[in-house]
Amino acid sequence: MSVRDGDRKVRLADAAVDVLGTDGVRALTHRAVDARAGLPQGTCSYHYPTRNALLTAALERIADLDLAESEADPDLAAVLASWVTGGATRTRARFMLMLDPQTRAELGPAAERLAGSFVERGTELLGSAERARLLIGLLDGLLLDELTRGMLPDQQRRERIGTVLKLVGNL
């Protein structure tokens, strides 16, 4: 794969995430992704020939970006703030991919593998897979709350996260 192809694949995955997070799962088509990426028609079909390949690429891109942000900044409140501001489209896309039953079934092993990588990371921090899953679930709930009801002031977000961390155990 050439550098140009690699760049195009990332550009297409980013465009797919944008389509998902802006217009929803049903709007995700190869044609829509080509248009959103500003690439010639057929480019997406060439790199991601099936819907499953395109969905998997979008989910992998979301996971890569989320993981990079969470590793770059140890301040959990700042990371969550980023995911509901500049990364809100990406966060909505992740929720749509994981909540739509048909899409979740299509993603199957890819969704389980990527979700599992976050649980593994949490397990390393918390010493327990169950506590890691609980933390992820509670943080997802906080994200969903802000995406649907509006942004919280930073201090209130920090207080909520503090409460979650106390519930899950000392971090």
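Reader: What makes the approach of the Glu-146 side chain to the backbone nitrogen of Leu-152 a polar contact?

Author: In this predicted model, a polar atom of the Glu-146 side chain lies 3.0 Å from the backbone nitrogen of Leu-152. A polar contact calls for N or O atoms within 3.5 Å, so a pair at 3.0 Å meets that distance limit.

Reader: Why is Glu-146 called buried or exposed?

Author: Glu-146, which lies in helix 8, has a relative accessible area of 6%, and because buried means under 20%, the residue is called buried. Leaving aside neighbours within four places in sequence, Glu-146 is in contact with Val-84, Met-151, Leu-152 and Arg-157.

Reader: One of those partners, Val-84, belongs to helix 5; which residues of that helix are buried, and what do they pack against?

Author: In helix 5 (residues 76-84), the buried residues are Ala-77, Val-79, Leu-80, Ala-81, Trp-83 and Val-84, and they pack against helix 4, helix 6, helix 8 and helix 9.

Reader: What makes Asp-75 a cap of helix 5?

Author: A side-chain oxygen of Asp-75 lies 3.2 Å from the backbone nitrogen of Ala-77, at the N-terminal end of the helix; the limit for a polar contact is 3.5 Å, so this distance falls within it.

Reader: How do you know that the charged end of Arg-94 sits over the ring of Phe-95?

Author: The charged end of Arg-94 is 4.9 Å from the centre of the Phe-95 ring, and the cut-off for distance is 6 Å, so that part of the test is met. Pairs of aromatic rings are another matter, for the structure holds 0 of them.

Reader: Why is Ala-57 called buried?

Author: Ala-57, placed in helix 4, has a relative accessible area of 9%, and since the limit for buried is under 20%, the name applies. Beyond its neighbours within four places in sequence, Ala-57 is in contact with Ala-13 and Tyr-48.

Reader: Tyr-48 also appears in the largest nonpolar core; how many residues does that core have, and which elements contribute to it?

Author: The largest nonpolar core has 26 residues, and those with the most contacts inside it include Tyr-48, Val-33 and Leu-54. Helix 1, helix 2, helix 4, helix 6 and helix 7 each give two or more residues to this core. A second, separate core of 16 residues includes Phe-95, Leu-135, Leu-142 and Ile-161.

Reader: Which elements have the lowest and the highest mean pLDDT?

Author: Helix 7 has the lowest mean pLDDT, 87, and helix 2 the highest, 98, while the mean for the protein is 91 and 96% of its residues reach 70 or more.

Key: Residues are numbered from 1 along each chain as its sequence is written. This is a predicted model: local features need pLDDT of at least 70, side-chain atom pairs count only at pLDDT 80 or more; totals for chains, interfaces and linings use all residues. Side-chain values use heavy atoms; hydrogens and water are left out. pLDDT is the predictor's confidence in each residue, from 0 to 100. Helices (H or I, at least four residues) and strands (E, at least two) are DSSP runs, numbered from the N terminus. Rings of Phe, Tyr and Trp (its six-membered ring) pair if their centres lie within 6.5 Å; planes under 30 degrees apart count as stacked, over 60 as edge-to-face and the rest as tilted. A charge sits over a ring if NZ of Lys or CZ of Arg is within 6 Å of the ring centre and within 35 degrees of the ring normal. Buried means under 20% relative accessible area, exposed over 50%, partly exposed in between (1.4 Å probe, protein chains only). Contact means heavy atoms within 4.5 Å. A polar contact is a pair of N or O atoms within 3.5 Å; within protein, one must be able to donate a hydrogen and the other to accept it, and residues adjacent in sequence count only if both atoms are side-chain atoms. A nonpolar core is a set of buried Ala, Val, Leu, Ile, Met, Phe, Trp, Tyr and Cys residues joined through side-chain atoms within 4.5 Å.
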